Each structure stands twice: as C-alpha cells, then as structure tokens.
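Please open the structure in your viewer, keep the sequence panel beside it, and follow the selections below in order.

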Amino acid sequence: MNPTATNEMLSPWPWAVTESNISFDVQVMEQQLKDFSRACYVVNHADHGFGIAQTADIVTEQAANSTDLPVSAFTPALGTESLGDNNFRRVHGVKYAYYAGAMANGISSEELVIALGQAGILCSFGAAGLIPSRVEAAINRIQAALPNGPYMFNLIHSPSEPALERGSVELFLKHKVRTVEASAFLGLTPQIVYYRAAGLSRDAQGKVVVGNKVIAKVSRTEVAEKFMMPAPAKMLQKLVDDGSITAEQMELAQLVPMADDITAEADSGGHTDNRPLVTLLPTILALKEEIQAKYQYDTPIRVGCGGGVGTPDAALATFNMGAAYIVTGSINQACVEAGASDHTRKLLATTEMADVTMAPAADMFEMGVKLQVVKRGTLFPMRANKLYEIYTRYDSIEAIPLDEREKLEKQVFRSSLDEIWAGTVAHFNERDPKQIERAEGNPKRKMALIFRWYLGLSSRWSNSGEVGREMDYQIWAGPALGAFNQWAKGSYLDNYQDRNAVDLAKHLMYGAAYLNRINSLTAQGVKVPAQLLRWKPNQRMA
C-alpha cells in the first residue's frame, strides 16, 4: 500500500486538533469516552501515540500547514439513546431500550419493580405461581409507588391450571394493569386474547387505541407468528358471545397484532428451549418482516431479545444484531431487591457458566417441559429428574416399589406420601379446586400432583431461605449469570450484597454504549490501547 493511501485511511476526517487539547493519559481518555454528550476525536501522535480531544477545527488551506494534528478517527456524541428502538422507550415511557424480565413466585419482587421503575426502567413482576390475593397485593403496592409507571406484570401460560390464568387476567383488567409480559405460551389462549381485546378502543380521529400492551416472550417461530398476527376470529367471537368484550373490540382486535413487542427468548434461566441467540433473533426478525409485509400494521411490531444477556459485550452484540431492546433475568435474581433468600443470592454470585442444567418444571410437569436451574450447591436437579423418571415408569403411587417409595419419603419429601397428598389437596382447594377433582379416580394424575408438591415448594424454599432444605433449593438461572460473575470478578460487584438492579441495568446499557464507541474507532483503523477496550465496573452507576 502506498503512503498516500495509508494516510487517507488514517485521516479520513476533515478536522484537526490543537496539541494542547489532546489527552494521552489512559484514565483521562477513559472518562472522555464515557462522556457520551461530547464527540471524541482521535489522533495518532508521533511521540505519544493514541490521543483523544473533545474539540476539533475544520481543516482549511491556511491551516493545512499548521502544527495541529489531523483527526484519524471520530465517534459522535451518542449514548444509550442510540441503542435499540426509540419507539420502545416512547411507548413504555422508559429511559432505556431495556427491561428486567419476570422471575416467578415473586422473585421479581415489588421491591425490584419499584426500584427499577423509579429509575425509569421497566420490570415485570413475577406473578407466576402466586395465588390471586398475593398478586392483588403486589398490584396495589406497585401502583401506589409507581402511579405513572413504568411497570408490568407477568402472565404465564398455565395449561394445567387455566382458571389461574383467567384469574390473573381478571385481576389485571380490574386494576387497570396496562402492560403484561406473556411467557411460556404454547399458543394463544382465550385468557391472553381477552386481555388484549378488552383494552381496545378508537380515539376521536378513529384510530385504534391499544389500552392493554402485551410483550410476548417466545422461543419458537410458530408461537411468535401467533402473537404477531391479529387474534383469531373464532376465539374473539366466543368472548363476544359470553359478554367479555364488545363487537367493536372484536373488530378492532383484527386490525392489530396480539403483541406490541416480541421478546426472542434465547438460552435463559427458568422456562427455556436453550435456543442460541445468534440463530433465534435473526429468525424472529425475519418472521416479523414477513408478517408486517402481509398485514401492514400502522405501528410495526418490535422484536427484542433476552437469554444470555449478562454483560455489556452481550448487550451490544444483541443490539447490533437488530434487537429493539434487551431483556435481563438471571443477573437480577442475585440483586438485593430480588425476592430470593440471602443463601440463594450468595450462591448465585459464585455461579459459573457451566453450573446450570435442566430439570422438570412444576407447572408443566406432565408434559415433560423442563427449565434451566443452578446445579451447584443443590441436589434439586437430580431429585426432580428422578421424580419425572418415576412418573413416566409407573401408573400410580401404589405401583412404585416399596423400597423406592421409602427412599422418596425419607430423602425427598421427608414425610409419607399420604401426608403429602393431604397437603396437596389443601393447597389446590385454595388455588384451583378443579385440580383435585381431575385427580379423583385418576391415580396417574394424583401422582403428578404429589410430585409437583416438591417441585413447587423447592422454589419457595429458595426464596424464603427454608432452613434445612438448602440442598432442595430450586434456583432458576441461565449461563448469562456465570458470564456476569466472570465480568464482575475483582470489582465491588463481586459482593452479592452490593448488587442493585438499577446499577446493573445502567452498567449494561452504558457499557454497551461505551463499547459501541470503541468498536467505531477500531473499525476506522486505529489501535485503541488495551486498557480502554473493556467497560469495567469500577464504580456505581446508581
């Protein structure tokens, strides 16, 4: 390559900077790069090498022979606002294209939702697995603290307990909860369609007003497609017939998609299909374009991504792949605001990427659905998988060999299975009595409910810090948590008691914006000092 070409590559910008305005100190340059309100002009000094200035002058013929140094790379004044979809921030009334996803049984607690909401960050309350009175109490508390939002509540698909799903929707409509995060859905149900359609109306100009927003968390294209399309006419007609929605709302529901936002859920904690982010997100984005071309929605659906997003690098990579927003989950469970016990949060802070595995899910046990949990420091995965093995092998509790049954009663349940059944009956009589009715005369169903007793309580033991049950704690987490712990190693975030959800959110978003600047500079052919290549959690962001 000739000298002229090299010079053109390193000096593509028509600016020059005065040497006195240039910083060569690494710490000063790091602060300049973190100041997103100002542009950064990079020079290559003959003696000092890489340097940064925050002001520059346009090169003129008169200045061409001056001692000012030419600008070899440039990054504009862009920060977190440059990441993701601005409409996501506008529609949900938030500062960042970011939200904290739900973790069931109140792990995504009122404290977590309120802390993030007060900072202008969206968070989904973990309503799944909670009885209606508990969810209603959470609604009242969160709405009192965040009267203008932002907040949302999780609506989890409950194939074995449709009454619980319906009850949640009725609560959300009663209290005017305007955004739900629909998760673990295998397809559309009357409940989610009812929530969506019941919030539709027209404004004075005749435009459709979407009163109830839906963010659907999916990992399969066939499920994503259903949420991207309008609600099915047959399902809507039944809701009209039973008086749940009006004829006009049925008409409007066929003009808008079922969801405003689709979260492509990659390899996450809890319910997951372990999909790789780099294959799932582009596939869902391509599907969105097909659906938009077909239906020509006035407001196109936004596609974001979660699962595996636990560091600034992962956040930026997800945005660069086209995500409208990012979602975090596992990393928030270790925060002080999460509804997890001190023991669990301490364990989570030391979890590595390989310390997770799959185990049967309580809510979809009979279907063989699994979720991702921590395997380090707990025997839950092994015991839960053993229960599912027994369930598939035998047709009733009575058919289990005596020695196997005694082992279960002693090691797992710590009580007789007859006593566990009595407790199960009492539990479902409060929650969903039809579950017990369905088990009468169906020994296989009865066995499933008994086994679900352990699967359901193991998560609650983890949350409450049940003494003596530590080896049975069910702790949901994905490999993103291990990546976060590795990134935070040696910093103040190593201490789980210093992890705050707002702090973590800002580290990811500001860190991603910072790395975006670094990548912009390296793409222009400059060699950035190694000390500046990473966003380091060396100070609190909140």
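Select Glu 136 in this predicted model, and colour the residue by its relative accessible area, which at 21% makes Glu 136 partly exposed. Because the limit for a buried residue is under 20%, the value of 21% places Glu 136 in the partly exposed class.

With Glu 136 still displayed, add Lys 174, since these two residues form a salt bridge in which the closest N and O atoms are 3.0 Å apart. Glu 136 belongs to helix H5, residues 132–145, while Lys 174 belongs to helix H6, so the pair ties together parts that are 38 residues apart in sequence. Lys 174 itself is exposed, with a relative accessible area of 56%.

Move one residue along the chain to His 175, which sits in the loop between H6 and strand E10 (179–183). Is His 175 buried or exposed? With a relative accessibility of 17%, His 175 counts as buried. If neighbours within four places in sequence are set aside, the contacts of His 175 are with Glu 136, Ile 139, Asn 140 and Gln 143, so that Glu 136, the salt-bridge partner of Lys 174, appears again in this list.

Next, select helix H6 (residues 162–174) together with helix H7 (residues 190–198), and draw their axes, which come within 9 Å of each other and cross at roughly 15 degrees. That angle makes H6 roughly parallel to H7, and the crossing of the two helices is right-handed. To see what makes the contact, show the side chains of Pro 162, Glu 165, Arg 166, Val 169, Glu 170, Phe 172 and Leu 173 on H6, and those of Gln 191, Ile 192, Tyr 194, Tyr 195 and Ala 198 on H7. Sorted by class, this contact of H6 with H7 holds 8 nonpolar, 1 polar and 3 charged residues.

Return now to charged pairs, of which a search of the whole structure finds 28 that qualify as salt bridges. For one that spans a long stretch of sequence, select Arg 534 and Asp 313, whose closest N and O atoms are 3.8 Å apart. Arg 534 is in the segment after helix H21 (501–523) and Asp 313 is in helix H12 (residues 312–320), and the pair, 221 residues apart, links distant parts of the chain. Asp 313 is partly exposed, its relative accessible area being 30%.

For a salt bridge inside a single helix, select Asp 342 and Arg 345, where the closest N and O atoms are 3.4 Å apart. Both residues are in helix H14 (residues 342–348), and because they are 3 residues apart there, about one helical turn separates them. The two partners fall into separate accessibility classes, for Asp 342 is partly exposed with a relative accessible area of 38%, whereas Arg 345, at 10% relative accessibility, counts as buried. From there, select Arg 383, Arg 414, Arg 469 and Asp 472, which are joined into one network by salt bridges that share partners.

For the last stop, select Glu 251 in helix H10 (residues 247–253), a residue that is partly exposed, with a relative accessible area of 46%. Then add Ile 397 and draw a line between the two C-alpha atoms, which are 50 Å apart in space, the residues being 146 residues apart in sequence.

Key
Residues are numbered from 1 along each chain as its sequence is written. This is a predicted model: local features need pLDDT of at least 70, side-chain atom pairs count only at pLDDT 80 or more; totals for chains, interfaces and linings use all residues. Side-chain values use heavy atoms; hydrogens and water are left out. Axes are lines fitted to C-alpha atoms, for helices over the stretch in contact, and angles run from 0 to 180 degrees between N-to-C directions. Helices (H or I, at least four residues) and strands (E, at least two) are DSSP runs, numbered from the N terminus. Angles under 35 degrees count as roughly parallel, over 145 as roughly antiparallel, 65 to 115 as roughly perpendicular and the rest as oblique. A crossing is left-handed if the near helix is turned anticlockwise from the far one by less than a right angle, and right-handed if clockwise. Contact means heavy atoms within 4.5 Å. Ala, Val, Leu, Ile, Met, Phe, Trp, Tyr, Cys and Pro count as nonpolar, Asp, Glu, Lys and Arg as charged, and the others, Gly among them, as polar. Buried means under 20% relative accessible area, exposed over 50%, partly exposed in between (1.4 Å probe, protein chains only). A salt bridge is a side-chain nitrogen of Lys or Arg within 4 Å of a carboxyl oxygen of Asp or Glu.
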